[in-house]
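Please open the structure in your viewer and keep the selection tool at hand. The stops below are meant to be taken in order, each beginning with something to select.

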Amino acid sequence: MNPIIILGIESSCDDTSAAVLRDGVMLSNVIANQSVHAKFGGVVPELASRAHQQNIIPTVQEALRQADIDKKQLSAVAFTRGPGLLGSLLVGTSFAKGFAQALGIPIIDVNHLQAHVLAHFIRKDENDNSPQPQFPFLCLLVSGGNSQIVLVKAYNDMTVVGQTIDDAAGEAFDKCAKVMGLPYPGGPHIDRLAKEGNPNTFRLNKPQIEGYNYSFSGLKTSFLYLLRDKMKENSNFIEENLNDLCASLQATVIDILMDKLKKAAKDYNIHQIALAGGVSANSALRQAFNDLATIDGYEVFIPPFAFTTDNAAMIAMTGYFKYLDHDFCSFDEVPFARVSNTF
Ligand code: KG4
């Protein structure tokens, strides 16, 4: 049987990425980051779309070159259809349509969040036999735009059982980092500084939300008020307490995430738990997942760093599963910006 070779395209936010997978094995995964946003303290949608336009062709060329694949060998082009920034998604979608049309091959639309979950099934190379989650499992999907608990019943059958009703966990990290004067994105800086701090120094509000949903806006406000009150007494308060502030904030965010996740695992009687999304790079969250395994007895799956942030390998992986189901999309389909509850 001919191998199934998928080109994946990701352009939902501020990273332009292209990847090639052959039968679920990664041949290349190229990511062009957009440094233009750093000085604005967050992603500027208009600038992101323009940068995608500049990056997309060289990124795809490089992915094909690294994979040593000629475009005529491709079976299909998979692209992120949403959720994300509409102007950014339009660049990847339009490219995928034009490229596939010219080659006479099908296109496959991919839900970005489903792809984060399915990143667990990418084989990094032919010799990669790392254990993969078995269905059903729960996935904690935490990024700059989303915080969700997903019940994964099959590759193509996932339900969001809990999600944030306001800010995402990564957004909470980034916004709190910003008020402490740390660069964007603040999550990795908080992670680094927290290692030198005491997580029990400051008590921050935990939200009381029904079910498995999350809320991080109250925590953000309580952090802001803490800084404001303490700064009245000591204008150097942030500099003098930076490590302890980061450690306390990080510990609270992780407690909030893990409390709901454990509740969902117990209620749904699930024994396998996976982690996904950019915030899963956080060392304390990874430690909390290791504790889930060693203390609570769950089987846990933590993705390699390269597959935690936005990448096209996960888009190509999802495209591969959809290809096996002959689940192609029409050339009339348009991107969507908003999150849905099933995917
Ligand atoms: O999935 P992702 O790459 O893309 C978006 O959703 O935009 O996630 C980016 C988010 C940012 O909020 C960033 O601050 C956060 O992931 N992040 C981290 C760490 N590394 C990235 N948050 C905490 N600790 C980290 N080590």
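Select D68 to begin, in this predicted model, and you will find D68 in the loop between α1 (45-67) and β4. The backbone there has a phi near 60 degrees, which is a positive value in a residue other than glycine. With a relative accessible area of 65%, D68 is exposed, being over the 50% cut-off for that class.

Move next to H326, in the segment after α9 (312-324), where phi is again positive in a residue other than glycine, with a value near 55 degrees. H326 counts as exposed at 61% relative accessibility.

Two cis peptide bonds make the next stops. Display the backbone from G82 to P83, whose peptide bond is cis with omega near -10 degrees; P83 itself sits in the loop between β4 (76-82) and α2 (86-103). Then go to Y184 and P185, which are also joined by a cis peptide bond, with omega about -10 degrees, and note that P185 is placed in the loop between α4 (169-179) and α5.

From there, select P207, which belongs to the loop between α5 (187-194) and α6 (217-233). Its relative accessible area of 29% makes P207 partly exposed. Leaving aside residues up to four places away in sequence, P207 touches S215 and I256. If you draw a distance from the C-alpha atom of P207 to that of S217, 10 residues along the chain, the viewer should give 8.9 Å.

For a contrasting environment, select S17 in strand β2 (residues 15-22). Is S17 buried or exposed? S17 is buried, with a relative accessible area of 1%. A polar atom of the S17 side chain lies 2.8 Å from the backbone oxygen of V30. Beyond residues up to four places away in sequence, the residues that S17 touches include G8, I9, E10, N29, I31, T59, N311 and A312.

Finally, zoom out to the whole protein, which has 9 helices and 10 strands. Its radius of gyration is 20 Å, close to the 20 Å that the globule rule gives for 343 residues, so the protein is as compact as a globular protein of that length. The C-alpha trace spans about 70 × 45 × 35 Å along its principal axes, and 53% of the 343 residues count as buried. Of the contacts with a separation of 6 or more, 73% are between residues 24 or more positions apart.

Definitions and conventions. Residues are numbered from 1 along each chain as its sequence is written. This is a predicted model: local features need pLDDT of at least 70, side-chain atom pairs count only at pLDDT 80 or more; totals for chains, interfaces and linings use all residues. Side-chain values use heavy atoms; hydrogens and water are left out. Helices (H or I, at least four residues) and strands (E, at least two) are DSSP runs, numbered from the N terminus. Buried means under 20% relative accessible area, exposed over 50%, partly exposed in between (1.4 Å probe, protein chains only). Contact means heavy atoms within 4.5 Å. A polar contact is a pair of N or O atoms within 3.5 Å; within protein, one must be able to donate a hydrogen and the other to accept it, and residues adjacent in sequence count only if both atoms are side-chain atoms. The radius of gyration is taken over C-alpha atoms; the globule rule is 2.2 Å times the number of residues to the power 0.38.
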